[in-house]
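Visitor: I am new to this one. Please pick a single part of it, look at it closely, and then show me how the rest is arranged around it.

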Amino acid sequence: GKHAEAQAQFERFISLAPGSPFAAQAAYGVAASLEAGGKAAEAQTKYDEVAKRYSTDSVADDAKLALAGIFTAQNKPEQAHKILDELMQATRGGAASQAAFMKRNELEQKFPHLRTNTPPIRPAMPSFPTNILSTATSAVKQASAAGTNLLKAVSNAVVQPKAP
């Protein structure tokens with residue numbers, strides 16, 4: 001659907017509130033909107049920017065996971081594998097680390113040459129259901145819709161001053 005509209009709203013939010021604690025998520029929203037709109041090359045650039053600019057925010061891990069997905073889709077498994085390995089080693093851990101572990105295993109099944117002689121380091125996390133990515137994707141879509149409504153409300157409040 002309305003990927004370009006969502007992208008525009010996220011960009012507008014960033015321009016209106018660049019110091020907001022939600023700026024990282026809005027920047028990720030720009031990249032996700034580009035990817036959903038079929039603009040993988042532009043999305044790749046934006047995800048990379050998010051990962052670097054917001055490196056201490058958990059959204060950086062989400063951006064790296066998305067980058068790994070783009071590289072996999074572009075038949076660049078070595079690049080995807082490298083990113084997934086880095087995510088698994090991240091001290092932050094969390095859902096992204098667990099998702100990286102699962103995606104890396106899937107990648108190694110498709111491309112056995114990526115396997116190393118060392119056993120994989122499983123993140124110190126409780127087991128997650130195998131459908132975590134689809135659940136996360138659904139949550140992102142819902143959050144994106146909610147974010148769009150929030151952005152419209154913020155935009156209206158900023159653009160339309162109160163009557164005297």
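Guide: Helix α4 passes α6 in a left-handed crossing, meaning that the near helix is turned anticlockwise from the far one by less than a right angle, where clockwise would make it right-handed. Helices here are DSSP runs of H or I of at least four residues, strands are runs of E of at least two, and both are numbered from the N terminus. This is a predicted model, in which local features need pLDDT of at least 70 and side-chain atom pairs count only at pLDDT 80 or more, while totals for chains, interfaces and linings use all residues. Residues are numbered from 1 along each chain as its sequence is written, and side-chain values use heavy atoms, with hydrogens and water left out.

Two packed helices are described by the angle between their axes and the distance between the axes. For α4 and α6 the angle is about 15 degrees and the axes are 10 Å apart. Axes are lines fitted to C-alpha atoms, for helices over the stretch in contact, and the angles run from 0 to 180 degrees between N-to-C directions. Angles under 35 degrees count as roughly parallel, over 145 as roughly antiparallel, 65 to 115 as roughly perpendicular, and the rest as oblique. α4 and α6 are therefore roughly parallel to each other. On the α4 side, the contact (heavy atoms within 4.5 Å) is made by Asp 61, Asp 62, Leu 65 and Thr 72. On the α6 side it is made by Ala 96, Ala 99, Ala 100 and Leu 107.

One of these residues, Asp 62, deserves a separate look. The C-alpha atoms of Asp 62 and Ala 96 are separated by 6.4 Å, although the two residues are 34 apart along the chain. Leaving aside neighbours within four places in sequence, Asp 62 is in contact with Tyr 28 as well as Ala 96. Asp 62 has a relative accessible area of 34% and so is partly exposed; buried means under 20% relative accessible area, exposed over 50%, and partly exposed in between, with a 1.4 Å probe and protein chains only.

Now for α4 as a whole. α4 covers residues 58–73, and at 1.5 Å a residue its 16 residues should span 22 Å; its end C-alpha atoms are 23 Å apart, which agrees. The expected span is 1.5 Å times one less than the number of residues. The buried residues of α4 include Val 59, Ala 60, Ala 63, Leu 67, Ile 70 and Phe 71. The buried residues of α4 pack against four helices: α2 (23–36), α3 (40–53), α5 (77–89) and α6 (94–110).

Both ends of α4 have something to show. At the N-terminal end, Asp 57 acts as a cap, with a side-chain oxygen 2.8 Å from the backbone nitrogen of Val 59. A polar contact is a pair of N or O atoms within 3.5 Å; within protein, one must be able to donate a hydrogen and the other to accept it, and residues adjacent in sequence count only if both atoms are side-chain atoms. After α4 comes Asn 75, in the loop between α4 and α5. Phi of Asn 75 is near 60 degrees, a positive value in a residue other than glycine. At 55% relative accessibility, Asn 75 counts as exposed.

The partner helix α6 has 17 residues, which should span 24 Å at 1.5 Å a residue; its end C-alpha atoms are 25 Å apart, which agrees. Its buried residues include Ala 96, Ala 99, Ala 100 and Leu 107.

Among the other neighbours of α4 are α2 and α3. The axes of α2 and α3 come within 8 Å and cross at roughly 160 degrees, and the two are therefore roughly antiparallel to each other. Tyr 28 and Val 30 of α2 and Tyr 47 and Val 50 of α3 are among the residues that make the contact.

α2 also packs with α1 (residues 3–16), at an angle of about 160 degrees with the axes 8 Å apart. Ala 23, in helix α2, is buried, with a relative accessible area of 2%. Not counting residues up to four places away in sequence, Ala 23 touches Phe 13, Ile 14, Ala 17, Pro 18 and Tyr 54.

Finally, the whole chain: it has seven helices and zero strands. Of its 164 residues, 34% count as buried. Among contacts between residues at least 6 apart in sequence, 49% join residues at least 24 apart.
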